[in-house]
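Subject: Structure handover

Hello,

Here is the structure I promised to pass on. Please open it next to this note and follow along.

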Amino acid sequence: MKKKLLIVTFCMVLLISLVCVSMSGAANILVDDSHLYIEETTNYVLGIPVKCTGAQLKSNFDFSITDIADDLAVGTGLSIKAGGTNLTVVVLGDVNGDGILTSTDYMQVKRHFSNMIDLQGAALRAADVTNDGAILSTDYLKIKRTFSGTEDIYAGMRINPGFNVTAKV
């Protein structure tokens, strides 16, 4: 009887452990001091500034990522896998996915809110720099001003280790 009770108890503890691990979500695959975050509904990795390198991105995860080269810029739409979780990179303002902020990015945002094109997925999320769920002229202006140097949508945004590496693009 005691043996059966011990087996049942062990099985329950194992089951509870598995449920807790599966419910922990994608956010737990980041290192503790990472400034990135993962949108659980979309598995978008957010908080990445332009010109972030593969090495900088990798240093934020507790799991090995082999999908990207260390010295290349990370752009919006890049698919990575960490800890068995499929993730999509979103670089704020990088609508075209090249990892840098260019006039192409702000023009695509302008065309989207003017109903000339329809941004979707990670590109749509990257265009929403005001984080209000809508792509408006304010998003366009913030991206354009950041490109021209009169505003900085990346102010206060950090990535481990310190963001001071120039990426190859």
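One definition first: helices (H or I, at least four residues) and strands (E, at least two) are DSSP runs, numbered from the N terminus. Please also keep in mind that this is a predicted model.

**Overall layout**

The protein has 5 helices and 4 strands. Read from the N terminus, its elements follow the order α-β-β-α-β-β-α-α-α. The protein has 169 residues, and 38% of them count as buried. About 9,700 Å² of the protein is exposed, and carbon and sulfur atoms supply 58% of that area. Take the contacts between residues at least 6 apart in sequence: 54% of these join residues at least 24 apart.

**The cores**

In soluble globular proteins, nonpolar side chains tend to be buried together. Here the largest nonpolar core has 32 residues. Which of them touch the most other members? They are Ile48, Leu57, Phe61, Ile80 and Leu87. Several elements supply at least two residues each: strands S2 (44–48), S3 (79–82) and S4 (85–91), and helices H3, H4 (121–127) and H5. S4 gives the largest share of this core, with 3 residues. There is also a second, separate core of 5 residues, and it includes Tyr44, Leu46, Val90 and Ala122.

Phe61 is a good residue to click on. Leaving out residues up to four places away in sequence, Phe61 touches Ile29, Leu30, Val31, Leu36, Val45, Ile80, Ala82 and Leu87.

**The S3–S4 hairpin**

S3 and S4 run antiparallel and are joined by 4 bridges. One of the bridge partners is easy to find: Ser79 pairs with Thr88 in S4. The two strands form a hairpin with 2 residues between them. Gly83 sits in the turn and has a positive phi of about 60°. Look at the two faces of S3 as well. Ile80 and Ala82 make up the covered face, while Ser79 and Lys81 make up the uncovered one.

**Rings between H3 and H5**

The count of aromatic pairs comes to 3. Tyr106 and Phe147 form a tilted pair, 5.6 Å centre to centre with 55° between the planes. Tyr106 lies in helix H3 and Phe147 in helix H5, so this pair ties together parts that are 41 residues apart in sequence. Tyr106 counts as buried because its relative accessibility is 11%, under the 20% cut-off. Phe147 is partly exposed, with a relative accessible area of 40%.

Phe113 and Tyr140 form a pair too. Their ring centres are 6.0 Å apart and their planes are at 55°, so the pair is tilted. Phe113 lies in H3 and Tyr140 in H5, so the pair ties together parts that are 27 residues apart in sequence. Phe113 counts as partly exposed at 28% relative accessibility, whereas Tyr140 counts as buried at 8%. Ring pairs link Tyr106, Phe113, Tyr140 and Phe147 into a cluster.

**Three residues to check**

Start with His112. Its place is in helix H3 (residues 103–113). Is His112 buried or exposed? At 14% relative accessibility, His112 counts as buried. Its side chain reaches the backbone nitrogen of Leu119 at 3.0 Å. Setting aside neighbours within four places in sequence, His112 is in contact with Ile117, Asp118, Leu119, Leu124 and Ile135.

Next is Lys144, in helix H5 (residues 137–148). Lys144 counts as partly exposed, at 34% relative accessibility. Lys144 and Ser103 are 41 residues apart in sequence, and 7.2 Å apart in space from C-alpha to C-alpha.

Last is Tyr154, in the segment after H5. Tyr154 counts as buried, at 10% relative accessibility. Which backbone oxygen does the side chain of Tyr154 reach? The side chain reaches the backbone oxygen of Leu92, at 2.5 Å. Tyr154 and Leu92 are 62 residues apart along the chain, and their C-alpha atoms are separated by 7.9 Å. Not counting residues up to four places away in sequence, Tyr154 touches Pro49, Val50, Leu92, Gly93, Leu101 and Thr146.

Best wishes

Key
Residues are numbered from 1 along each chain as its sequence is written. This is a predicted model: local features need pLDDT of at least 70, side-chain atom pairs count only at pLDDT 80 or more; totals for chains, interfaces and linings use all residues. Side-chain values use heavy atoms; hydrogens and water are left out. Buried means under 20% relative accessible area, exposed over 50%, partly exposed in between (1.4 Å probe, protein chains only). A polar contact is a pair of N or O atoms within 3.5 Å; within protein, one must be able to donate a hydrogen and the other to accept it, and residues adjacent in sequence count only if both atoms are side-chain atoms. Contact means heavy atoms within 4.5 Å. A nonpolar core is a set of buried Ala, Val, Leu, Ile, Met, Phe, Trp, Tyr and Cys residues joined through side-chain atoms within 4.5 Å. Rings of Phe, Tyr and Trp (its six-membered ring) pair if their centres lie within 6.5 Å; planes under 30 degrees apart count as stacked, over 60 as edge-to-face and the rest as tilted. Two strands pair if DSSP finds at least two bridges between them. Accessible areas come from the Shrake-Rupley method with a 1.4 Å probe; for residues, only the protein chains shown count as cover.
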